[in-house]
Amino acid sequence: MKKLLLKLFADKKKAVFNPNGLKSVLIRPVGNAIGDAITMTAILKQLKTAFPSIKTGVFVTERNIQALEGCPFADKLIPLKAISYLKNRKKWDVFLDFTPTFTTKNIILDYFLAPRCAICFSKQDKKIYNKNTVKNYDFYADAPKTAHITELLSFTPFAPYVKDIKPGYFIKENLAALKKARSLWPEGKIKILLAPRGSNKEINKTDLGIIVSALKDKYRGNLSFLMLNAKDSYSLEGVKNAPPLNLREYFMLVKSADAVIAVDSASVHIANAFNVPVAAVYANSPAAKRWAPLKGSKSLVIMTESEQESNTAINGFDVMRAVSAAEYFIKAML
């Protein structure tokens, strides 16, 4: 069945990338996570800076649309639904597909989307669906696993046009949500936001407790701690748990902090967007390097010592290095 589908939907008539007269670029992000959407704002910035007059579009879901609302580099936010592909049929000059694999659903939908030129980024090979069997693209950007997400355009025909553009993330400020976020902190103290949990990884309570205790002991009375997404078992003395927040309030809480201690998660990218210092705990893996903090941001990364394939295994990182990273930012504020 899949081989028949390849014959019917996965053999696109090839087009040559031509930047002259380029009018529009549509993006399908890696996934629908908040962090995925935030990192796409850097890609959008590069495109809009290089080609100011183009129209840009991004496929979005209910989960991540607020991360892109108000982005000055995104002209159109398109619901990631089958009907949207039909409505946008033959309306886009270039389609950038960041999804990690070829899937039956996307192969069929991309056929109906029918962009003039399709560029896909490194896909995980499957037995039947792989870059040798799926031919619905015009250019395959075979970036190394360690390439940062914001560097991926440099492996496409866009490379000469974006090479000197410094990437940056964007999140729209919301004044009402920012006011609420600021009300959660006490006056006169350095505000340390703890974000120990991501979608599939977390800093365990023991390690987080060591980090907090070390900082409290050294900077008695000068620090205020607030924890995001705390489980009941995460209760730590002297640390206040943040109340349930909507997405805009979450963004503004990160913005309101003086420094963030976070696991590899959207919180790192949000901190980068607002230039908030972040001590970030990552696995020592190629995938983690792709999603590392934005280069040039106020970020210090703490990785596990041994290299591994999984980007979820963070246990065993040097806890005292995390303390030192947080101290580096705290000392600058005293």
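Start with the open sheet of this predicted model. Select its six strands, which follow the order S9-S8-S7-S10-S11-S12 with parallel pairing. Now colour the two ends: strand S9 (239-241) and strand S12 (299-303) are the edge strands, and each has a single partner strand, so one side of each is left without a neighbour in the sheet. Look along the sheet and you can follow its turn, as neighbouring strands are rotated by 20° against each other on average, direction ignored.

Next, zoom in on residues 190-195 and 223-227. These are strands S7 and S8, which run parallel and are joined by five bridges. For a landmark here, pick Lys191, which stands opposite Ser224 in S8.

Then bring in the helices. Show residues 205-218 for helix H8, which lies across S7, S8, S9 and strand S10 (259-263). Helix H8 runs at about 160° to S8. Add residues 266-273 for helix H10, which packs on the sheet and touches S7, S10, strand S11 (278-282) and S12. The direction of H10 makes about 150° with that of S11.

Last stop: the second largest pocket, with about 280 Å³ of space. Which residues lie nearest its centre? Select Lys12, Asp110, Ala114, Pro115 and Asn136 to see them, out of 21 residues that line this pocket. Now show strand S4 (94-97), helix H5 (104-113) and strand S5 (117-121), as each supplies at least two residues of the lining. Finally, colour the lining by class: you will find 13 nonpolar, seven charged and one polar residue.

Notes: Residues are numbered from 1 along each chain as its sequence is written. This is a predicted model: local features need pLDDT of at least 70, side-chain atom pairs count only at pLDDT 80 or more; totals for chains, interfaces and linings use all residues. Side-chain values use heavy atoms; hydrogens and water are left out. Two strands pair if DSSP finds at least two bridges between them. Helices (H or I, at least four residues) and strands (E, at least two) are DSSP runs, numbered from the N terminus. Axes are lines fitted to C-alpha atoms, for helices over the stretch in contact, and angles run from 0 to 180 degrees between N-to-C directions. Contact means heavy atoms within 4.5 Å. On a 1 Å grid over the protein atoms alone, a cavity is a set of points where a 1.4 Å probe fits but cannot get out, and a pocket is an open set with protein on both sides within 12 Å along at least five of seven lines; lining residues have an atom within 4 Å of a point. Grid points are joined across faces, edges and corners, and a volume is the space filled by probe spheres set on the points. Ala, Val, Leu, Ile, Met, Phe, Trp, Tyr, Cys and Pro count as nonpolar, Asp, Glu, Lys and Arg as charged, and the others, Gly among them, as polar.
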